[in-house]
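Here are my notes on the structure you sent over. I have set them out as numbered points so that you can follow along with the model open beside you.

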Amino acid sequence: MNTNTIRNFSLACMLSLVVPLEVAAQRLAVPEYVTCDRNQLTSWQGEITRVTRKGNGIDLAIATDYGTSETLTMAGASWEEVLAQFRLAGRPFRADDWDRLFDTEGNHQPGLRAIVWLCQAAEQQPIVNWQLPGR
């Protein structure tokens, strides 16, 4: 074997070890509070680009870490019902958490991120796990 063949083989072996680790690092672990069957579950993770509150509902847009733009509309019989679909850094969302994420005019903090968990089963509502900027 010549030197180039050995070098290429060595490089291919090293890449086969590195690439799967990078792909695995990008996969999110499904938290306990997400009860959807894993075969019907998807998620978006990224930076929030728009949030609009409309009565007992909310529209949000997210620029995902995978280069896509996604939108979600959530609504409930009451605002409290919508808040029940939120988490903050994995813990149950409290009404006063809204003030940590948004100013008095309803503008979200720059750099606000979220993980949105979506279930294909119609009876399961989406869950938004808000992530404070810089954490």
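1. Let me start with the residues around the largest cavity of this predicted model. Its lining is made up of Val34, Thr35, Cys36, Leu41, Trp117, Cys119, Gln124, Gln125 and Ile127. Sorted by class, six of the lining residues are nonpolar and three are polar, with no charged residues among them. The volume of this cavity comes to about 40 Å³, and a search of the whole structure turns up one cavity of 30 Å³ or more.

2. Some of those names come back when you look at the nonpolar cores. The largest core has 24 residues, and Phe86, Val128 and Trp130 are the ones with the most contacts inside it. Many elements contribute: β1, β2 (57-64), β3 (69-75), α2 (79-83), β4 (86-88), α3 (98-101), β6 (113-119) and β7 (127-131) supply at least two residues each. A second core, separate from that one, has nine residues, including Cys36, Ile115, Trp117 and Ile127. Of these, Cys36, Trp117 and Ile127 also line the largest cavity.

3. Which residues does valine 128 touch, leaving aside those up to four places away in sequence? The list is Leu60, Leu72, Met74, Gln85, Phe86, Arg87, Ala114, Ile115 and Val116. Phe86 on that list is, like Val128, one of the residues with the most contacts inside the largest core. Ile115, by contrast, is included in the second core.

4. Please have a look at serine 43, which sits in strand β1 (residues 41-54). Is serine 43 buried, partly exposed or exposed? Its relative accessibility is 25%, so it counts as partly exposed, because buried means under 20% and exposed means over 50%. Beyond its sequence neighbours up to four places away, serine 43 touches Leu28, Ile115, Val116 and Trp117. Its C-alpha atom is 9.8 Å from that of threonine 64, which is 21 residues away along the chain.

5. Threonine 49 is also placed in strand β1. With a relative accessible area of 47%, threonine 49 is partly exposed too, because that value does not reach the cut-off of over 50% for exposed. Not counting residues up to four places away in sequence, it touches Ala61, Ile62, Ala63 and His108. Between the C-alpha atoms of threonine 49 and arginine 113 there are 9.0 Å, although 64 residues separate the two along the chain.

6. One backbone detail is worth a check on your side. Most residues other than glycine have a negative phi. Alanine 89, which is not a glycine, has a positive phi of about 50 degrees. You will find alanine 89 in the loop between β4 and β5 (91-92). At 58% relative accessibility it counts as exposed, because the cut-off for that class is over 50%.

7. Finally, the chain as a whole. How many helices and strands does the protein chain have? There are three helices and seven strands, and from the N terminus on they follow the order α-β-β-β-α-β-β-α-β-β. The chain has 135 residues, of which 33% count as buried. Taking contacts between residues at least 6 apart in sequence, 49% join residues at least 24 apart. The protein chain exposes about 8,800 Å², and carbon and sulfur atoms supply 53% of that area.

Technical notes:
Residues are numbered from 1 along each chain as its sequence is written. This is a predicted model: local features need pLDDT of at least 70, side-chain atom pairs count only at pLDDT 80 or more; totals for chains, interfaces and linings use all residues. Side-chain values use heavy atoms; hydrogens and water are left out. On a 1 Å grid over the protein atoms alone, a cavity is a set of points where a 1.4 Å probe fits but cannot get out, and a pocket is an open set with protein on both sides within 12 Å along at least five of seven lines; lining residues have an atom within 4 Å of a point. Grid points are joined across faces, edges and corners, and a volume is the space filled by probe spheres set on the points. Ala, Val, Leu, Ile, Met, Phe, Trp, Tyr, Cys and Pro count as nonpolar, Asp, Glu, Lys and Arg as charged, and the others, Gly among them, as polar. Helices (H or I, at least four residues) and strands (E, at least two) are DSSP runs, numbered from the N terminus. Buried means under 20% relative accessible area, exposed over 50%, partly exposed in between (1.4 Å probe, protein chains only). Contact means heavy atoms within 4.5 Å. A nonpolar core is a set of buried Ala, Val, Leu, Ile, Met, Phe, Trp, Tyr and Cys residues joined through side-chain atoms within 4.5 Å. Accessible areas come from the Shrake-Rupley method with a 1.4 Å probe; for residues, only the protein chains shown count as cover.
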